[in-house]
Amino acid sequence: MREHLGAGGDCGGMLDAGVTGLNRPVRARNGAAVNPEVDAHIRESNQWPEEITRLRPILLGCELAEDIRWGKPCYSHNGSNIVIIQEMKGFPALMFFKGALLKDPEGVLEEQGPNSRSARRVIVP
């Protein structure tokens, strides 16, 4: 996953103190706040909590704001949705809302389905 994020791998930021933020607000080095609703989602997840926990500092390090949308952790920039974490039955994935616009020389992005024109998904190993 890191090798597909480009230079810096984690977009230059990690969380300063843990990833849960259960007792106090935790911020990424770039100032992005960890959303307690995402903490609750991870606690309640019975499919991929470890994988979501590992993805979180990478996404926050990209200066994305996190929220829960459509019942899933969603990351946005300036109010525009960028990526959502999907917990599929057999794998976790990152779904990029406008993934068709991304350069993908290694072909890691997959189409969502026949009715989805711009979304692309990458399966998280």
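The protein has 2 helices and 6 strands, where helices (H or I, at least four residues) and strands (E, at least two) are DSSP runs numbered from the N terminus. This is a predicted model, so local features need pLDDT of at least 70, side-chain atom pairs count only at pLDDT 80 or more, and totals for chains, interfaces and linings use all residues. Residues are numbered from 1 along each chain as its sequence is written, and side-chain values use heavy atoms, with hydrogens and water left out.

**Exercise 1: the overall picture**

Work out the order of helices and strands along the sequence, and how much of the protein is buried.

Step 1. Reading along the sequence, you get α-α-β-β-β-β-β-β.

Step 2. Now for burial: 40% of the 125 residues count as buried. Here buried means under 20% relative accessible area, exposed means over 50%, and partly exposed is in between (1.4 Å probe, protein chains only).

Step 3. The accessible surface comes to about 7,400 Å², and 51% of it belongs to carbon and sulfur atoms. Those areas come from the Shrake-Rupley method with a 1.4 Å probe; for residues, only the protein chains shown count as cover.

Step 4. Take the contacts (heavy atoms within 4.5 Å). Among those with a separation of 6 or more, 42% are between residues 24 or more positions apart.

**Exercise 2: helix α2**

Check the length of helix α2, find its bend, and say what its buried residues pack against.

Step 1. Start with length. The expected span is 1.5 Å times one less than the number of residues. For the 13 residues of α2 (residues 49-61) that should be 18 Å, and the end C-alpha atoms are 19 Å apart, which agrees.

Step 2. Next, the bend, which is the angle between axes fitted to the seven residues ending at a residue and the seven starting there. α2 bends by about 25 degrees at Leu 55, with Pro 57 following within four residues.

Step 3. Look at burial. Since 10 of the 13 residues of α2 are buried, the helix is largely enclosed by the rest of the structure. Among the buried ones are Ile 52, Leu 55, Arg 56 and Pro 57.

Step 4. The buried residues of α2 pack against α1 (36-44), β1 (65-69), β2 (72-77), β3 (80-87) and β4 (92-96).

Step 5. Past the helix comes Glu 63, which has a positive phi near 60 degrees.

**Exercise 3: strands β2, β3 and β4**

Trace how β2, β3 and β4 pair up and how they are joined.

Step 1. Two strands pair if DSSP finds at least two bridges between them. β2 and β3 do so in the antiparallel sense, over 4 bridges. Ser 76, for instance, has Asn 81 in β3 as its bridge partner.

Step 2. The two strands form a hairpin with 2 residues between them, and Asn 78 in the turn has a positive phi of about 50 degrees.

Step 3. β3 and β4 are also antiparallel, over 5 bridges. Glu 87 stands opposite Pro 92 in β4, and the hairpin joining β3 to β4 runs through 4 residues.

Step 4. Zoom in on Pro 73, found in strand β2. Pro 73 counts as buried because its relative accessibility is 0%. Pro 73 and Ile 84 are 11 residues apart in sequence, yet their C-alpha atoms are 5.8 Å apart. Beyond its neighbours within four places in sequence, the contacts of Pro 73 include Val 38, His 41 and Ile 52.

**Exercise 4: salt bridges**

Go through the salt bridges and say what they connect.

Step 1. Side chains of opposite charge can pair when their charged atoms come close. The cut-off for a salt bridge is a side-chain nitrogen of Lys or Arg within 4 Å of a carboxyl oxygen of Asp or Glu. The structure holds 4 of them.

Step 2. Arg 56 pairs with Asp 39, the closest N and O atoms being 2.7 Å apart. Arg 56 lies in helix α2 and Asp 39 in helix α1, so the pair ties together parts 17 residues apart in sequence. Both Arg 56 and Asp 39 are buried, and a network of salt bridges links them with Glu 66.

Step 3. Glu 110 and Arg 121 meet in another salt bridge (3.8 Å, N to O). Glu 110 sits in strand β5 (residues 110-111) and Arg 121 in strand β6 (residues 120-123), so this pair ties together parts 11 residues apart in sequence. Glu 110 is partly exposed at 33% relative accessible area, whereas Arg 121 is buried at 12%.
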